[in-house]
Amino acid sequence: MRRATLLLILGLTGSAVRAQSVVDSTPRSAWKHAAVHYGKWVAAAGAVTFTALAIEQHRHSNTAWNALLGICLNNSQNCAIGSDGRYRYYPAEYDYQLALYYDHRARWRLVAGQVSLLAAVGLFVTEIRGRSHTPRNIPVHPLSVSVAPTPDGAGVALRLAF
């Protein structure tokens, strides 16, 4: 797991360095711009969704834990632990395992939410850095002036589009 993560980080760092070292005078293609533009919103929605799912799993974990506490407060003998480290009373062990199960699920959903948030921030920054400082080319020219030679001199035409 650690080796795969390290290789992924090194690969991403290397590709970022290569991307910065190559000067590209052409504008970004339309599909790359669309992928970044819409991908940032998908990643942000994923962060919110995973966080909401983690909250729900945490509620389930708290419910199971509170059931275990209820069993233990009702009769302390029900919370006796055997030599194998498990509760001797089956419902207590079941609630404990259930609390661990939902807690584990909540933890992984929080990690996924944080990774999605990090991806969204990266895509927001990528979109901002990808913009040029010059204004976009507007294809509609509301005012055009043309000059044409005439036998008497020059003719000037003014066209105003609404």
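Q: Is Val-115 buried, partly exposed or exposed?

A: Relative accessible area sorts residues into buried (under 20%), exposed (over 50%) and partly exposed in between, with a 1.4 Å probe and protein chains only. Val-115 has a relative accessible area of 53%, so Val-115 is exposed. Keep in mind that this is a predicted model, where local features need pLDDT of at least 70, side-chain atom pairs count only at pLDDT 80 or more, and totals for chains, interfaces and linings use all residues. Residues are numbered from 1 along each chain as its sequence is written, and side-chain values use heavy atoms, with hydrogens and water left out.

Q: Where does Val-115 lie, and how far is its C-alpha atom from that of Gly-46?

A: Helices (H or I, at least four residues) and strands (E, at least two) are DSSP runs, numbered from the N terminus. Val-115 lies in helix H3. Its C-alpha atom is 9.3 Å from that of Gly-46, although 69 residues separate the two along the chain.

Q: What is the overall pattern of helices and strands along the sequence?

A: The chain has three helices and two strands. Following the sequence, you meet them as α-α-α-β-β. Of its 162 residues, 15% count as buried.

Q: How do the axes of H2 and H3 cross?

A: Two packed helices are described by the angle between their axes and the distance between the axes. Axes are lines fitted to C-alpha atoms, for helices over the stretch in contact, and angles run from 0 to 180 degrees between N-to-C directions. Here, H2 (residues 30-74) and H3 (residues 90-129) have axes that come within 7 Å and cross at roughly 160 degrees. The two helices are therefore roughly antiparallel, a label for angles over 145 degrees.

Q: Which residue classes make up the contact of H2 with H3?

A: The classes are nonpolar (Ala, Val, Leu, Ile, Met, Phe, Trp, Tyr, Cys and Pro), charged (Asp, Glu, Lys and Arg) and polar (the others, Gly among them). The contact of H2 with H3 has 27 nonpolar, twelve polar and six charged residues.

Q: Which residues does Gln-57 contact, leaving aside neighbours within four places in sequence?

A: Contact means heavy atoms within 4.5 Å. Gln-57 sits in helix H2 and is in contact with Tyr-102, Arg-105, Ala-106 and Arg-109, once those sequence neighbours are set aside. With a relative accessible area of 9%, Gln-57 is buried.

Q: Is Glu-127 buried or exposed?

A: Glu-127 has 5% relative accessibility, so it counts as buried. Glu-127 is part of helix H3. Not counting residues up to four places away in sequence, Glu-127 touches His-33, Val-36, His-37 and Lys-40.

Q: How should I read Gly-122 and Tyr-94?

A: Each is found in helix H3, Gly-122 and Tyr-94 alike. Gly-122 is partly exposed at 31%, and its C-alpha atom is separated by 9.8 Å from that of Ala-43, 79 residues apart along the chain. Tyr-94 is partly exposed at 43%. From Tyr-94 to Leu-68, C-alpha to C-alpha, the distance is 8.6 Å, with the two residues 26 apart in sequence.

Q: Which residues form the largest nonpolar core?

A: A nonpolar core is a set of buried Ala, Val, Leu, Ile, Met, Phe, Trp, Tyr and Cys residues joined through side-chain atoms within 4.5 Å. The largest one in this model has five: Leu-68, Ile-71, Cys-79, Tyr-87 and Ala-92. Leaving aside neighbours within four places in sequence, Tyr-87 has contacts that include Leu-68, Cys-79, Ala-92 and Tyr-96.

Technical notes:
Parallel < 35°, antiparallel > 145°, perpendicular 65-115°, else oblique.
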